[in-house]
Amino acid sequence: MADDNLHCPRDGTILISPETTKHTAFSQHGIYHCPECAGLALHAKAAASAISAEKLEELHDGFTDQGAPVEILCPFCIAGMRVRDFAFRKLDGSLTELIEIDGCPSCSSFWLDASELQRISPTIESYPSNQETSTEKTATSEAKTLSIVLEVLFHLPFVLI
Ligand SMILES: [Zn+2]
Ligand SMILES: [Zn+2]
């Protein structure tokens, strides 16, 4: 079982899988999250929701022959990942801030640093800090907020920059 663990491409921490997480947003969208840095790893094939699977396949096409190589390795297949900027078109027609997404050119997987989603999530700073504030709890609560942002993005068309 230990061999099945995926590791955070940033800090090597074992990622929490969509099967073991208590958050439905994570299990539905096939999101693995890092309890250390709150980064999110997604895989089209792990997504239980048709919307996210389709969106991830679509995003994947943007990485197969484009994007810049990055230093990090795909947590799923250990291929070198690529990075590119995406903007999402909001319902009012305006675009979100650019979001840097790391994608694997081999499998349909993605890595999102917590800081990327934070940029378009104005409420992220305000989660309660009066209770236990272990790094793990904070990262999990942060990841949960980020997953909601991501869920919103899944419903918006994206624009290649
Ligand atoms: Zn991490
Ligand atoms: Zn991969």
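This report describes the fold, the nonpolar core, one group of paired strands and a few loop residues of a single protein.

**Overall fold**

The model is a predicted one. The protein contains four helices together with seven strands, and read from the N terminus these elements follow the order α-β-β-α-β-β-β-β-α-α-β. The radius of gyration is 15 Å, close to the 15 Å that the globule rule gives for 161 residues, so the protein is as compact as a globular protein of that length. Along its principal axes, the C-alpha trace extends over about 45 × 40 × 30 Å. Of the 161 residues, 34% count as buried, and among the contacts with a separation of 6 or more, 55% are made by residues 24 or more positions apart.

**The nonpolar core**

In soluble globular proteins, nonpolar side chains tend to be buried together. In this protein the largest nonpolar core holds 34 residues, and the members that touch the most other members are Leu-40, Phe-110, Leu-146 and Leu-150. At least two residues of this core come from each of β1 (31-33), β2 (40-43), α2 (50-64), β5 (99-103), β6 (109-112), α3 (114-119) and α4 (135-154). The element that gives the most is α4, with seven residues.

Which residues does Leu-40 touch, not counting those up to four places away in sequence? They are Ile-31, His-33, Leu-112, Ala-143, Leu-146, Ser-147 and Leu-150.

**Strand β5 and its partners**

Strand β5 is mostly covered, with four of its five residues buried. Strand β4 (residues 80-88) is joined to β5 by five bridges, and these two strands run antiparallel. Two bridges join β5 to β6, and this pair also runs antiparallel; the connection between β5 and β6 is a hairpin that passes through five residues. The residue Asp-102 in β5 can be followed to both partners, since Val-83 stands opposite Asp-102, while Asp-102 stands opposite Trp-111 in β6.

**Residues in the loops**

Most residues other than glycine have a negative phi, and most peptide bonds are trans. Against that background, Ala-38 has a positive phi of about 65° although it is not a glycine, and Ile-78, likewise not a glycine, has a positive phi of about 65°. Ala-38 is placed in the loop between β1 and β2, whereas Ile-78 is placed in the loop between β3 (68-73) and β4. A further loop residue, Leu-98, lies between β4 and β5.

Are these three residues buried or partly exposed? The table gives the neighbour counts, to be read with the rule that 20 or more other C-beta atoms within 10 Å make a residue buried and 12 or fewer make it exposed, with partly exposed in between.

| Residue | C-beta neighbours inside 10 Å | Class |
|---|---|---|
| Ala-38 | 27 | buried |
| Ile-78 | 13 | partly exposed |
| Leu-98 | 16 | partly exposed |

Ala-38 therefore counts as buried, with its 27 C-beta neighbours inside 10 Å, while Ile-78, with 13 such neighbours, counts as partly exposed.

Leu-98, also counted as partly exposed, is 14 residues apart from Arg-84 in sequence, and the C-alpha atoms of these two residues are 9.6 Å apart in space. Leaving aside neighbours within four places in sequence, the contacts of Leu-98 are with Asp-85, Ala-87 and Ile-161.

How values were computed:
Residues are numbered from 1 along each chain as its sequence is written. Chains are lettered from A and ligands numbered from 1 in the order in which they are written. This is a predicted model: local features need pLDDT of at least 70, side-chain atom pairs count only at pLDDT 80 or more; totals for chains, interfaces and linings use all residues. The radius of gyration is taken over C-alpha atoms; the globule rule is 2.2 Å times the number of residues to the power 0.38. Two residues are in contact if their C-beta atoms, placed from the backbone, lie within 7 Å. A nonpolar core is a set of buried Ala, Val, Leu, Ile, Met, Phe, Trp, Tyr and Cys residues joined through C-beta atoms within 7 Å. Two strands pair if DSSP finds at least two bridges between them.
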